[in-house]
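Grab your viewer and work through these exercises on cavities and ligands. Each one is followed by a solution that goes step by step.

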Amino acid sequence: MEHKIIDEKKIWEILEKTKRPSKSALRHILKKASERKGLELEEVGFLVNLSGLRIKRELFETARQIKFQIYGERLVFFAPLYVSDFCINNCGYCNFHISNTGLLRKRLTLKETAQQTEFLINMGHKRLLLEFGEDPRNNPIEYVTDVIGKIYSVKTEKGNIRRINVNIASTTKENYRKLKKANIGTYQLFQETYHRKTYEKLHGGPKGDYERQITSHIRALEVGLDDFGLGVLFGLFDWRFEVMALVSHAQYMDRVLGVGPHTISVPRFCEAPSVSYKPEYKVSDRDFFKLIAILRLAVPYTGMIITTRENPAIRKLAFKIGISQASAASVTSPGGYGKHNSNEAQFELHDQRPLYKIIENVVDEKLLPSFCTACYRSGRTGKAFMNLSKPGEIHNFCRPNGILTFAEYLEDFAVDGIYEKGSKLIEFYLKKIEDKKLLEETKTRLSRIKEGYRDLYF
Ligand code: SAM
Ligand code: SF4
């Protein structure tokens with residue numbers, strides 16, 4: 001079945017038509033966006049074409065408010081776990097491309113998987129994002145599901161991994177069904193670029209099939225993988241087009257299948273060891289902030305992810321204008337945790353701080369670090385999640401769960417005075433829980449965490 005998810009012609013027409021937005025039209029759109037119901041594509045076009053310092057500030061302020069109204073002050077942390085860099089594709093931007101014959105390929109054994117998992121648990125992580133290259137012979141779906149099973153089975157005295165999100169190449173319904181059975185959290189897959197010509201130019205191998213890529217989430221959803229993540233690799237094509245297309249994709253999924261994206265990721269291209277590709281449409285920091293804010297307004301209910309591809313200063317600002325999830329202390333090569341970095345990495349990272357340092361900086365910003373995994377374990381996925389996030393009710397869960405998981409973190413991992421700072425922050429946000437019963441229950445659970453109980457969530 002042909003899916004008309006992206007209408008390139010229409011996007012270009014809108015971008016042309018909305019070229020010179022008046023300040024009053026923009027303010028009208030910002031006002032509408034603040035109702036948190038999302039925006040029409042044409043309105044997104046006006047925002048994409050927006051310029052001028054003052055109105056840009058208003059855009060950022062609207063994005064900040066929406067993020068706080070929907071997700072509150074919490075920022076969820078996760079770590080990527082690179083499992084296998086075997087790959088039969090030839091993506092022009094990635095170090096794992098098949099023509100990189102100099103790369104000593106590696107796929108983790110189950111024992112190594114357990115070791116890497118232990119390392120991450122002992123660092124403080126509770127959520128992982130698994131990364132695999134596409135290679136049916138070396139990374140068949142059974143290998144993927146065995147790895148997932150292994151990770152869930154690992155327990156150390158510091159706890160366990162409670163949610164595994166997965167980033168594997170586009171695949172069949174049958175394989176998605178197996179992933180679903182393996183109990184994953186979000187299935188994440190980026191379109192990389194929505195611009196078909198650029199897509200086809202930059203991708204060789206099975207991933208070169210634009211239709212296969214863009215229909216992946218539909219197949220996943222049809223077999224019940226209802227938390228799915230979208231994304232664009234910014235730098236491959238004009239960011240203005242990509243934002244319009246990303247919003248079109250989100251709207252299509254919501255309209256036709258009844259579920260919008262659980263997350264949207266905004267990676268920017270980074271230099272990579274064997275990659276000579278130079279992004280033709282490098283996204284400046286200014287435009288990067290702008291596009292984050294626009295996506296926050298256009299798809300207000302979605303979680304937004306930033307990674308350690310970005311440096312600490314960029315991340316700090318991005319947290320304020322819409323980002324709700326972030327990776328921390330990542331490495332991007334299989335088996336790389338606990339080892340020195342080398343040219344086996346998928347690409348260069350710009351935030352190398354250890355997790356405790358990132359947590360400390362976030363606390364200084366008065367944001368609440370969270371390791372929450374409650375929603376999917378309580379069945380709040382897909383439509384059920386949307387029904388809470390769309391009207392802005394999800395923070396009733398996010399805040400107490402953020403507090404509880406951060407309290408666990410402080411008990412088990414706090415170093416260098418962060419315990420005191422963190423405890424003060426918890427006190428501060430406890431006061432913001434309005435529902436008396438919920439407040440009392442959160443306090444009771446906090447005391448139990450101090451007594452040594454773990455994994456208490458709403
Ligand atoms: N192989 C799967 C795929 O391509 O969808 C899964 C994971 S791949 C390891 C994860 C993502 O890394 C890709 O979707 C791509 O957007 C991103 N990536 C690849 N090369 C990159 C680079 N040089 N800079 C930044 N991100 C990159
Ligand atoms: Fe393979 Fe993914 Fe890298 Fe492409 S981006 S070469 S599919 S690992």
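## Exercise 1: the second largest cavity

E1, helix H15 (374-377) and helix H17 (395-413) each give at least two residues to the lining of the second largest cavity. Here helices (H or I, at least four residues) and strands (E, at least two) are DSSP runs, numbered from the N terminus. A cavity is a set of points, on a 1 Å grid over the protein atoms alone, where a 1.4 Å probe fits but cannot get out, and lining residues have an atom within 4 Å of a point.

Before starting, note that this is a predicted model, in which local features need pLDDT of at least 70 and side-chain atom pairs count only at pLDDT 80 or more, while totals for chains, interfaces and linings use all residues. Residues are numbered from 1 along each chain as its sequence is written, and side-chain values use heavy atoms, without hydrogens and water.

Task: find which element supplies the largest share of this lining.

Solution.
1. The lining has 17 residues, and Arg-74, Arg-127, His-262, Cys-375 and Phe-385 lie nearest the centre of the cavity.
2. The largest share, three residues, comes from H17.
3. The volume is about 180 Å³, counted as the space filled by probe spheres set on the points, with grid points joined across faces, edges and corners.

## Exercise 2: the largest cavity

Task: describe the largest cavity and say what occupies its space.

Solution.
1. The whole structure holds four cavities of 30 Å³ or more.
2. The largest has about 710 Å³ of space.
3. Its lining counts 42 residues, with Glu-131, Asn-167, Glu-192, Arg-309 and Gln-346 nearest the centre.
4. Strand E1 (74-84) and strand E2 (127-132) are the elements that give two or more residues to this lining, and E1 has the largest share, four residues.
5. Ligand 1 takes space in this cavity, and so does ligand 2; a molecule sits in a cavity if more than half of its atoms lie within 2 Å of its grid points.

## Exercise 3: polar contacts of ligand 1

Task: list side chains in polar contact (a pair of N or O atoms within 3.5 Å) with ligand 1.

Solution.
1. Begin with Lys-207, where a side-chain N or O atom is 2.7 Å from an oxygen atom of ligand 1.
2. Next, a polar side-chain atom of Arg-309 lies 3.0 Å from a nitrogen atom of the ligand.
3. Finally, Gln-346 places a polar side-chain atom 3.4 Å from an oxygen atom of ligand 1.

Definitions and conventions: Chains lettered and ligands numbered in written order. Polar contact = N/O pair within 3.5 Å; in protein donor to acceptor, adjacent residues only side chain to side chain. 1 Å grid on protein atoms, 1.4 Å probe; cavity = no way out; pocket = protein on both sides within 12 Å on 5 of 7 lines; lining within 4 Å.
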